[in-house]
Amino acid sequence: MWLRELWYYALAGHRLRPGRMMPKTLLDEPLLLGRRSDGTPFALRDICPHRGMPLHHGTFDGREIECCYHGWRYDTEGRCTAIPSLPEDRNFDVSRVAVRRYPCREVQGNIWVFMGSGDGDLAEIPEIPDIGSRRYQIAESMIFSCGFDHAVVGLMDPAHGPFVHRAWWWRSRRSIHEKEKRFEPAPLGFRMCRHTPSANSPGYRLLGGKPETEITFRLPGVRIEHVQAGRHVLCGLTAVTPISRDRTEVNHVIYWTMKWLTAIRPLLRPFVRAFLDQDRRIMVKQQEGLAYGPKLMLIDDADTQAKWYYRLKKEFARAEAEGRPFENPVKARVLRWRS
Ligand code: FES
Ligand SMILES: [Fe+2]
């Protein structure tokens, strides 16, 4: 159901302060996310190997976690360092006890966790171009009460905009017109090639300097929009993460290089939340129908990206199962739709 052997977005970095830890379920697995006092984030399985106590109920001193039940201690790599109940002369190697560790990295302010076996390839952590090591200016997170695939497909869907995101500052139903966009394959996904956004999106015009945008999608559910406006850049990262079968987290973080935008940042946040909430509400309504397990239709070209998503997913799972390299099933082409 969910792809493994991939990096998933876990958390916006500012939500994890040094010396703190917190529980979080990802892909139905209980994780303990924490940040050492030296700033390094880590992720462990949130279950004590002794008698199953969630480790987040214990304490963390910035270096080691102590389980609240019998005080077994673990370092942030998951190695047991102490078992208080052992008599001094008992020959028991505590380092044989270990909590599962998940590879965890912070990139451009975002904390990613590798859900798979092995260490994960650091080069596969989605990174935003032209931003360097800058951290985001806005980070919003919302739980959608729906399955992962519907959240991903719903967010990449080009045809819902005029109906779901109707707003004076974005677009109206009357603004629908024909679009023609070039797409090409990209690592683990595809890219809508750089183009001038349509005139019916006043949001882009505000940026000034003839904005041009490029949108990249990659597995498992990461969308990066890169807008070049003159010498400035604005980027949005939308990362979808499965929490459980019917709970999906959508994270949206935005970066920019314009000083004037930073000055009005508090005014922008409500717009970002309102936009995400429109998607959330529509997907919750859709659940009422999906509960009956209807057969669904994907039409060309408005749903072609959704078709590609399912194809990418299938190929990724197959390549993993057969132990061969992933072969991108997307071919470069132009898609046409009205929105
Ligand atoms: S359950 Fe954790 S120390 Fe016993
Ligand atoms: Fe949307």
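Guide: Buried means under 20% relative accessible area, exposed over 50% and partly exposed in between (1.4 Å probe, protein chains only). What you see is a predicted model, where local features need pLDDT of at least 70, side-chain atom pairs count only at pLDDT 80 or more, and totals for chains, interfaces and linings use all residues. Residues are numbered from 1 along each chain as written, chains are lettered from A and ligands numbered from 1 in written order, and side-chain values use heavy atoms, without hydrogens and water.

Visitor: Let's start with the metal: which residues are the protein donors of the iron ion (ligand 2)?

Guide: Donors are N, O and S atoms within 2.8 Å of the metal (3.2 Å for Na, K and Ca), and with water not among the atoms, sites may look incomplete. Here the donor atoms sit 2.0 to 2.7 Å from the iron ion, with Asp 279 listed for two OD entries and each histidine for its NE2. So the residues you're after are His 160, His 165 and Asp 279.

Visitor: How are those donor residues spaced in sequence?

Guide: His 165 lies in the loop between helix H2 (161–164) and strand S13 (178–186), while Asp 279 lies in helix H5 (residues 265–290), so this pair ties together parts 114 residues apart in sequence. Helices (H or I, at least four residues) and strands (E, at least two) are DSSP runs numbered from the N terminus. Written as a pattern, the donor spacing is H-x4-H-x113-D.

Visitor: Are His 165 and Asp 279 buried or exposed?

Guide: His 165 has a relative accessible area of 4%. For Asp 279 the relative accessibility is 3%. Both residues are buried.

Visitor: What do the angles among the four donor atoms make of the iron site?

Guide: Four donors are tetrahedral if all angles lie between 85 and 135 degrees; four are square planar and six octahedral if opposite donors are over 155 degrees apart and all others between 65 and 115; anything else is irregular. The angles at the iron ion (ligand 2) run from 54 to 152 degrees. That makes the site irregular.

Visitor: On to the strands: how many bridges join strand S17 to S18?

Guide: Two strands pair if DSSP finds at least two bridges between them. S17 (residues 232–244) runs antiparallel to S18, and a hairpin of two residues links them. Thr 241 has Glu 249 of S18 as its bridge partner, and the bridges joining S17 to S18 number ten.

Visitor: How many of the ten residues of S18 are buried?

Guide: S18 (residues 247–256) is largely enclosed by the rest of the structure, because most of its residues are buried. Strand S12 (residues 138–144) also pairs with S18, antiparallel over seven bridges, with Ser 141 opposite Asn 251. Of the ten residues in S18, the buried ones number nine.
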